[in-house]
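Hi everyone, thanks for making time for this. I'd like to walk you through a structure, starting with its pockets and then moving on to some individual residues.

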Amino acid sequence: MSDIRFDGKVVIVTGAGGGLGRQHALEFARRGAQAVINDLGASVDGSGGSSAAADKVVEEIKAAGGEAIADGGSVADDAGAENLIKRAMDAYGRIDVMICNAGILRDKSFSKMEMADFAAVLNVHLWGTVKPLHHAWPIMREQKYGRVVVTTSSTGLYGNFGQANYGAAKLGLVGLMKTLAIEGERDNIKVNAISPIAATRMTENVMPPPLLEKLLPEYVSPGVVYLASEEAPTATILTAGAGVFSVAKLYETEGAWLGEGGLSAEEVRDNWARISDPAGQQAYGQGNEQIQKMIRRAMGG
Ligand code: NAI
């Protein structure tokens with residue numbers, strides 16, 4: 001099979017001044033992409049900012065013979081998001097790939113979490129994906145080509161103590177990805193999610209050094225590059241870390257039809273084993289498949 005290349009393609013990576021985003025950007029540029037390196041240069045909790053982080057990655061790419069420009073704006077900001085897309089268009093005239101990767105953390109148990117910390121995390125992860133993407137979407141539709149990768153997390157998929165804000169944002173991104181994959185299909189726009197695990201400044205304090213050595217960001221980027229390639233799947237959640245790649249899915253059990261007359265909470269309790277029986281469970285491709293299952297079961301199918 002031929003190599004995956006991005007010659008003549010324009011790839012935007014948000015939050016690419018360090019960690020995973022930097023690694024993704026280096027890999028796209030190495031494969032011929034014209035890269036747009038966005039990074040606010042913020043600290044892990046989102047405070048501060050300088051375009052130096054993005055500039056440095058651009059220098060690295062150019063030193064290796066690649067092509068890139070820097071953008072030091074915030075993806076969560078209306079003007080910053082619009083300007084990022086405008087800058088990419090002004091420089092290269094098209095947008096083929098968007099890797100929505102920028103992120104921050106404000107961890108605390110829910111009872112201690114200030115609403116401002118909840119909002120800040122939602123703002124960067126969720127709005128910071130939606131806002132630039134909303135400007136890029138019509139361009140991709142017009143081109144009849146687009147590849148989008150949003151960045152989710154095991155916390156969004158499965159939960160983690162102290163990360164209610166982050167989990168809400170990260171599963172929100174999966175909901176966004178699922179619907180955009182459906183809406184983008186007719187225009188050859190494929191939309192996927194990466195759920196990475198990597199040693200970055202975000203995780204360096206929560207994992208011991210021997211483990212961190214197994215979790216280099218370069219073990220995640222090949223998954224992102226594949227999800228952004230011509231042959232990419234769509235509506236898929238790829239998990240990647242330590243050289244392991246897998247697909248995460250949401251399954252729904254076949255369930256139990258309990259009739260229509262006199263339904264009660266006790267009947268739900270008493271039939272719990274049937275309702276939650278994994279035999280025959282399915283991962284649906286669209287929301288309406290759930291309704292179809294209900295009607296089929298109710299009609300005795
Ligand atoms: P990181 O902190 O090294 O990278 C995040 C980058 O986003 C930083 O360079 C930061 O300056 C930038 N950023 C923050 N707010 C921004 C804004 N408003 N506009 C533009 N850029 C902004 O962390 P890491 O680990 O590389 O994270 C990358 C993504 O991967 C994040 O979305 C994170 O939630 C996700 N992730 C990481 C995991 C890990 O194990 N490292 C696990 C699961 C998800």
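Let's start with the largest pocket, which holds about 1100 Å³ of space. Please keep in mind throughout that this is a predicted model. Which residues sit closest to the centre of that pocket? Of the 50 residues in its lining, those are Gly 103, Leu 105, Tyr 166, Thr 200 and Met 202.

If you want to find the walls by helix, look at α1 (19-30), α4 (115-143), α5 (154-158) and α6 (164-184), since each of them supplies at least two lining residues of the largest pocket. As for chemistry, the lining of the largest pocket divides into 26 polar, 19 nonpolar and five charged residues.

Now to the second largest pocket, with about 620 Å³ of space. It is lined by 23 residues, and the closest to the centre are Val 174, Lys 178, Lys 249, Leu 250 and Tyr 284. Two or more residues of this lining come from each of α5, α6 and β8 (244-248). Which element gives the most to it? That is α6, with five residues. By class, the lining of the second largest pocket has 13 nonpolar, seven polar and three charged residues.

Where does this second pocket lie with respect to the domains? The domain assignment gives domain 1 (10-248) and domain 2 (265-300), and their C-alpha centres are 35 Å apart. Both domains give residues to the lining of the second largest pocket, so the pocket lies between them.

Let's turn to the aromatic rings. How many aromatic pairs does a search of the whole structure find? It finds two. One of them is Phe 6 with Phe 28, an edge-to-face pair with 5.0 Å from centre to centre and 80° between the planes. Phe 6 belongs to the segment before β1 (10-13) and Phe 28 to helix α1, so this pair ties together parts that are 22 residues apart in sequence. Are these two rings on buried or exposed residues? Phe 6 has 1% relative accessibility, and because that is under the 20% cut-off, it counts as buried. Phe 28 is buried too, with a relative accessible area of 0%.

Then there are Phe 110 and Phe 118. Their ring centres are 6.3 Å apart and their planes meet at 70°, and because an angle over 60 degrees counts as edge-to-face, that is what we call this pair. Here the two partners fall into separate accessibility classes: Phe 110, at 56% relative accessibility, counts as exposed, whereas Phe 118, at 18%, counts as buried.

One more ring deserves a look while we're here. Lys 9 lies over the face of Tyr 145, at 4.9 Å from the ring centre.

Next, a word on the backbone. Most residues other than glycine have a negative phi. With that in mind, have a look at Asn 188, which has a positive phi of about 55° although it is not a glycine. Asn 188 is found in the loop between α6 and β6 (189-196), and it is partly exposed, with a relative accessible area of 32%. Ala 242 also has a positive phi, near 60°. Its place is in the loop between β7 (237-241) and β8, and with a relative accessible area of 39%, Ala 242 is partly exposed.

Finally, let me take you back to helix α4 for two residues and their distances. Leu 122 lies in this helix and is partly exposed, at a relative accessible area of 23%. How far apart in space are Leu 122 and Gly 172? From C-alpha to C-alpha they are 9.0 Å apart, with their positions 50 residues apart in sequence. Gln 143 also has its place in α4, and at 22% relative accessibility it counts as partly exposed. For Gln 143 and Ala 16, the C-alpha atoms are 25 Å apart in space, and the two residues are 127 apart in sequence.

That's the tour. If you'd like one thing to look up on screen afterwards, try the second largest pocket, the one that lies between domain 1 and domain 2. Thanks for listening!

How values were computed
Residues are numbered from 1 along each chain as its sequence is written. This is a predicted model: local features need pLDDT of at least 70, side-chain atom pairs count only at pLDDT 80 or more; totals for chains, interfaces and linings use all residues. Side-chain values use heavy atoms; hydrogens and water are left out. On a 1 Å grid over the protein atoms alone, a cavity is a set of points where a 1.4 Å probe fits but cannot get out, and a pocket is an open set with protein on both sides within 12 Å along at least five of seven lines; lining residues have an atom within 4 Å of a point. Grid points are joined across faces, edges and corners, and a volume is the space filled by probe spheres set on the points. Helices (H or I, at least four residues) and strands (E, at least two) are DSSP runs, numbered from the N terminus. Ala, Val, Leu, Ile, Met, Phe, Trp, Tyr, Cys and Pro count as nonpolar, Asp, Glu, Lys and Arg as charged, and the others, Gly among them, as polar. Domain bounds come from an automatic or database domain assignment. Rings of Phe, Tyr and Trp (its six-membered ring) pair if their centres lie within 6.5 Å; planes under 30 degrees apart count as stacked, over 60 as edge-to-face and the rest as tilted. Buried means under 20% relative accessible area, exposed over 50%, partly exposed in between (1.4 Å probe, protein chains only). A charge sits over a ring if NZ of Lys or CZ of Arg is within 6 Å of the ring centre and within 35 degrees of the ring normal.
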